[in-house]
Amino acid sequence: MHSRNHWGGSFEINGETNSNHTTDYDRSREMDWVDRAALPSSGGIHRHELDETQQSWLLGSQQEKNKKSKYVDLGCVVCSRKALKWTLWGLAAAFFLISLPIIIAKSIPAHKSRPPPPDNYTVALHKALLFFNAQKSGKLPKNNGVPWRGSSGLSDGNGTTDTKGGLVGGYYDAGDNIKFHFPMSFAMTMLSWSVIEYSHKYEAINEYDHVRELIKWGTDYLLLTFNSSASRIDKIYSQVGGSRNGSTTPDDHYCWQRPEDMDYPRAVQTANSGPDLAGEMAAALASASIVFRDNPTYSKKLVKGAETVFAFARDFGRRNPYSRGNPYIEPFYNSTGYFDEYMWGAAWLYYATGNNTYISLATNPGLSKNSKAFFMIRDLSYLTWDNKLPAAMLLLTRLRIMLSPGYPYEDMLKMYHNVTGLTMCSYLRQYQVFNWTKGGMIQLNRGEPQPLQYIANAAFLSSLFVDYLNATGAPGWNCGPTFIPSSVLRSFATSQINYILGDNPMKMSYVVGYGTKFPRHVHHRGASIPNDKKSYSCTGGWKWRDTKNLNPNNINGAMVGGPDRFDQFKDVRTNYSYTEPTLAGNAGLVAALVSLTSSGGLKIDRNTIFSAVPPLYPGTPPPPPPWKP
């Protein structure tokens, strides 16, 4: 039985193999079952044309195949093979043109660019710090950095029965071999203040560890000068060594000897009263405790010593100046008052402890009255080892403009702030408060000898005041009705330090070792006597004092006394007014230099000084507990 054939005719095929007997009709029927693509294009066989429907059935698979050869199915999108090929080639080219150079550049070791050369202030600062190494007394470390100095003063204080190991250590004050504890304490306070404000700058020039070591050398010694383990004391050792004016017996002025060769008696001075000395020592120890806050044990020891010695300063029965009537001190480092040290010491103790008792004292109206803080006396408007008023008021101004403690301190702090602004105005030449030399040096000490230590201090205070303004976003301050941009005050500071470094009529640097022209006959025993392994007697060293030859040893970093009021300088060893350096003077120079150097950035450390200060206002109360029905 045959199934239906939709194409017409039967499915039966004639079995004969002879093609000659096959009809055209039968051949045509067979062609419908043969793949047209398999038919020869020639051979005498007649091509049968198919209609459109038949072509679609027979050619559909081939068209689909050609379509698949031109496109690629990527799952989420179908794209042309040609487009895909060009895309892949483009990505490869981009890799070689962009990524490959980056990979190569990353694989090459980075070339570290050289840091910019240090500015002049940094160069001078390195040297100014070395002066303290040259002034060290006691057992010196091998890496002290001054080859012509050795251990000395190892018998100092042997007669004191209440000090373990005597009074060995500390610093010699100047060109002699005396240890004056009043200016030494001031020098340590100044160094600590500079570190607290500008530690990042010291770190940037690799002097941070060095300056901290210098401070610790001083504070370790100061802790020996009284019973620092007690809560109450009745005396302070105020000086080691010394001389009477006009003395003809062997002592620190009559003799000219290296400190390593001293063989004469060195007396120890004792103060049973001394609010000025004790107040300055408290400031030195308290400020250093902030510097060493990363060493809690030592920092606490310094704080305890500061509180003990300040309690001695405040003892009502011990209010006589430490130098009064003492011929070994009064002609050299006489103190003219002590209320400024009360303000100065109390301010530093507040920052070191956060104890409100100290800030209450520093802002007590009676203290400002007795210190004449608001009298605008010209001689009290510049910082010295004897007068701390302008520095104390600037330190308290910092508290007002940065923390704004408000009542009950605001009224006094505001007045300190106003006086500080007027003090800065007085340094500007346009207001003619002070005389100036023709060469551009401000005459803070009325043209008296050794002026440089005072202008270095003024440069530091003015530069620091500018940094306080910058830290609070203030572009300047007012001098009466006139607004003064802070850049004007900064220019004053740089002009005075530049004068010290050589921008003066003598074209001479007054810092030994800085520049090419500097003093070569410095009034200094250790620097003027050769380090030839010979010991020179008390009077045997006079030939080195009196010779016109250059000093055999340069005491690098020492800032000498400076020129006279006519900008003239005499490089003569025997004239100490011109050529003698001092510990207090160099401390002010170091502070001014670090404030002005651009190394580490022109800014202050705003917060470190407030580390121990408690919150001034109540904290935000905790949120109420969730409501429960």
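This section describes the overall make-up, salt bridges, a helix pair and a hairpin of a predicted model.

The secondary structure of the predicted protein comprises 19 helices and 9 strands. Of its 629 residues, 51% are buried. When contacts between residues at least 6 apart in sequence are considered, 73% of them join residues that lie at least 24 apart.

Side chains of opposite charge can pair when their charged atoms come close, and a search of the whole structure for such pairs returned 19 salt bridges. In one of these, Lys136 is paired with Glu213, and the closest N and O atoms are 2.6 Å apart. This salt bridge links distant parts of the chain, since Lys136 belongs to the loop between helix 4 (120-134) and strand 3 (179-180), whereas Glu213 belongs to helix 6 (residues 208-222), with 77 residues separating the two positions. The partners also have their own accessibility values: Lys136 has a relative accessibility of 1% and counts as buried, while Glu213, with a relative accessible area of 29%, is partly exposed.

A further salt bridge joins Lys388 to Glu280, with 2.7 Å between the closest N and O atoms. Here too the pair links distant parts of the chain, Lys388 being placed in the loop between helix 11 (365-370) and helix 12 (389-403) and Glu280 in helix 7 (residues 275-291), 108 residues apart. In this pair both Lys388 and Glu280 are buried.

Arg258 forms a salt bridge with Glu260, for which the closest N and O atoms are 3.5 Å apart. Arg258 is buried at a relative accessible area of 7%, whereas Glu260, at 22%, is partly exposed. Both residues take part in a network of salt bridges that links Arg149, Arg258, Glu260 and Asp261.

Two packed helices are described by the angle between their axes and the distance between the axes. For helix 14 (residues 452-471) and helix 19 (residues 583-596), the angle is about 30° and the axes are 8 Å apart, and the crossing of helix 14 and helix 19 is left-handed. Helix 14 contributes Gln453, Ala456, Asn457, Ala459, Phe460, Ser463 and Asp467 to the contact, and helix 19 contributes Gly585, Gly588, Leu589, Ala591, Ala592, Ser595 and Leu596. Sorted by class, the residues in the contact of helix 14 with helix 19 are 7 nonpolar, 6 polar and 1 charged.

Within this contact, Phe460 of helix 14 is buried, with a relative accessible area of 0%. Residues up to four places away in sequence being left aside, Phe460 touches Gly588, Ala591, Ala592 and Ser595, and also Met190, Trp193 and Tyr198. The C-alpha atom of Phe460 is separated by 9.8 Å from that of Ala391, a residue 69 positions away along the chain.

Turning to the strands, strand 8 (residues 476-479) and strand 9 (residues 482-485) are paired in the antiparallel sense over 4 bridges. In this pairing, Asn478 stands opposite Phe483 of strand 9. Strand 8 and strand 9 form a hairpin with 2 residues between them, and Gly480, located in the turn, has a positive phi of about 65°.

Terms used:
Residues are numbered from 1 along each chain as its sequence is written. This is a predicted model: local features need pLDDT of at least 70, side-chain atom pairs count only at pLDDT 80 or more; totals for chains, interfaces and linings use all residues. Side-chain values use heavy atoms; hydrogens and water are left out. A salt bridge is a side-chain nitrogen of Lys or Arg within 4 Å of a carboxyl oxygen of Asp or Glu. Buried means under 20% relative accessible area, exposed over 50%, partly exposed in between (1.4 Å probe, protein chains only). Axes are lines fitted to C-alpha atoms, for helices over the stretch in contact, and angles run from 0 to 180 degrees between N-to-C directions. A crossing is left-handed if the near helix is turned anticlockwise from the far one by less than a right angle, and right-handed if clockwise. Contact means heavy atoms within 4.5 Å. Ala, Val, Leu, Ile, Met, Phe, Trp, Tyr, Cys and Pro count as nonpolar, Asp, Glu, Lys and Arg as charged, and the others, Gly among them, as polar. Two strands pair if DSSP finds at least two bridges between them.
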